[in-house]
Amino acid sequence: MSIQQAATHIQNAKHLVILTGAGVSKESGVPTFRDAMDGLWAKYNPEELATPTAFAKNPKLVWDWYSYRRDLVSRTKPNAGHIALAQLEKTHPDLWLITQNVDDLHEQAGSTRLIRLHGNLAETICYNQCRGGRVPIAPSDFVWDADRTTPPRCPHCHAYLRPNVVWFHEMLPTQALNLAQTVCKNSDVALVIGTSGLVSPASELPYWAKQNGATIIEINPEYSMITRYADIVLNGASGAILPALLEAMA
Ligand code: APR
């Protein structure tokens, strides 16, 4: 299937929904979850660090890993794929962009109709959620021990602080998930970009759209769990394909 066919579907979409995963940020220099890690972190598997059990066992290790990721992400910029997605809001002001990513590259590119399923790496919350829910705590309020051998503590209850991301085995934010499910069920075109489709419930969203009659367009250089039921598969990097799609729509 060609970019032109995909562009025509997107152009004619009445209810466009987009789901992004780590692949969309790859060309900005953010490693995906399935990439091997570099340097100090090479011996760890992200799936073993991004869990409540890992934090309970070694809070400092998990805190440091997220500090490393936060630092890495803070030095990146949106790529041509993020920018093309933000531009799609001009032709489709009612679109919804659902992301599994915890970076803020979609916002930086100018996307406003964003649903975050897995939280925000830039934010920090109390491990005990002592004030109810995931309430962000500003770095100026962190309580550190003298030699910083543990994560900082909550200024309200003294529990450890943790990143505001959804770990494996944790619930997704209910409001975000409900909205994502609704917009997928109501969509007529779903554009699925840079996700392996391995992590539920986000991986089920394109399927909800498909079951309700939407055309599924996938952008991914590799085979994914979405490829087997996508109507159009555009094999390649999103930083190249998304601008080409926009050009084909012009
Ligand atoms: N353009 C588009 N897709 C790409 C690119 C690229 N330049 N480079 C890689 N990809 C694809 C890969 O082929 C793969 O299918 O991006 C996908 C990345 O897959 P994952 O690393 O599994 O990322 P994702 O699907 O977002 O993971 C879901 O799992 O670990 C959790 O919470 C974490 O949000 C994450 C979730």
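# Helix packing, salt bridges and buried positions in a predicted model

The buried residues of helix α8 are covered by elements that include β1 (16-20), β2 (96-99), β3 (114-116) and α9 (205-211). Here contact means heavy atoms within 4.5 Å, and buried means under 20% relative accessible area, with exposed over 50% and partly exposed in between (1.4 Å probe, protein chains only). Helices (H or I, at least four residues) and strands (E, at least two) are DSSP runs, numbered from the N terminus. This is a predicted model, in which local features need pLDDT of at least 70 and side-chain atom pairs count only at pLDDT 80 or more, while totals for chains, interfaces and linings use all residues. Residues are numbered from 1 along each chain as its sequence is written, and side-chain values use heavy atoms, with hydrogens and water left out.

**Helices α8 and α5**

- Helix α8 has 12 residues (174-185), which at 1.5 Å a residue should span 16 Å, and its end C-alpha atoms are indeed 16 Å apart. The expected span is 1.5 Å times one less than the number of residues in the helix.
- Ala 176, Leu 177, Ala 180, Gln 181, Val 183 and Cys 184 are the buried residues of α8.
- Helix α5 has 16 residues, and its first and last C-alpha atoms are 22 Å apart, close to the expected 22 Å.
- The buried residues in α5 include Pro 59, Val 62, Trp 63, Trp 65, Tyr 66, Arg 69, Leu 72 and Val 73.
- Among the elements that cover the buried residues of α5 are α3 (46-49), α4 (52-57), β4 (119-126) and β5 (161-165).

**Helix pairs with α10**

- Helix α1 (residues 3-12) packs against helix α10 (residues 238-249) at an angle of about 70°, with the axes 9 Å apart. Axes are lines fitted to C-alpha atoms, for helices over the stretch in contact, and angles run from 0 to 180 degrees between N-to-C directions.
- α1 and α10 are therefore roughly perpendicular to each other. Angles under 35 degrees count as roughly parallel, over 145 as roughly antiparallel, 65 to 115 as roughly perpendicular and the rest as oblique.
- The α1 and α10 crossing is right-handed. A crossing has that hand if the near helix is turned clockwise from the far one by less than a right angle, and is left-handed if anticlockwise.
- On the α1 side, Ile 3, Gln 4, Ala 6, Ala 7, Ile 10 and Gln 11 meet Ile 241, Ala 244, Leu 245, Ala 248 and Met 249 of α10.
- Helix α6 (residues 80-91) packs with α10 at about 30°, the axes lying 7 Å apart. That angle makes α6 roughly parallel to α10.
- The crossing of α6 and α10 is left-handed.
- Ala 80, Gly 81, Ala 84, Leu 85, Gln 87, Leu 88 and Thr 91 of α6 meet Ser 238, Gly 239, Leu 242, Pro 243, Leu 246 and Met 249 of α10.

**Salt bridges**

- The model has 6 salt bridges, each defined as a side-chain nitrogen of Lys or Arg within 4 Å of a carboxyl oxygen of Asp or Glu.
- Lys 60 pairs with Asp 64, with the closest N and O atoms 2.9 Å apart. The two are 4 residues apart in helix α5 (residues 59-74), which means a separation of about one helical turn.
- Lys 60 is partly exposed at 25% relative accessibility, and Asp 64 is partly exposed at 29%.
- Glu 107 and Arg 116 form a salt bridge at 3.0 Å, N to O. Glu 107 is partly exposed at 33%, whereas Arg 116 is buried at 16%.
- Arg 162 and Glu 170 form a salt bridge with the closest N and O atoms 2.8 Å apart. Arg 162 is buried, with a relative accessible area of 2%.
- Arg 134, Arg 162 and Glu 170 are joined into one network by salt bridges that share partners.

**Two buried positions**

- Val 17 lies in strand β1 and is buried, with a relative accessible area of 3%.
- Leaving out residues up to four places away in sequence, Val 17 touches Trp 96, Ile 98, Val 183, Cys 184, Ser 187, Val 189, Ala 190 and Leu 191.
- Tyr 229 is in the loop between β7 (215-219) and β8 (232-234) and is buried at 15%.
- With the same sequence neighbours left out, up to four places away, Tyr 229 touches Ser 203, Pro 206, Tyr 207, Lys 210 and Ile 216.
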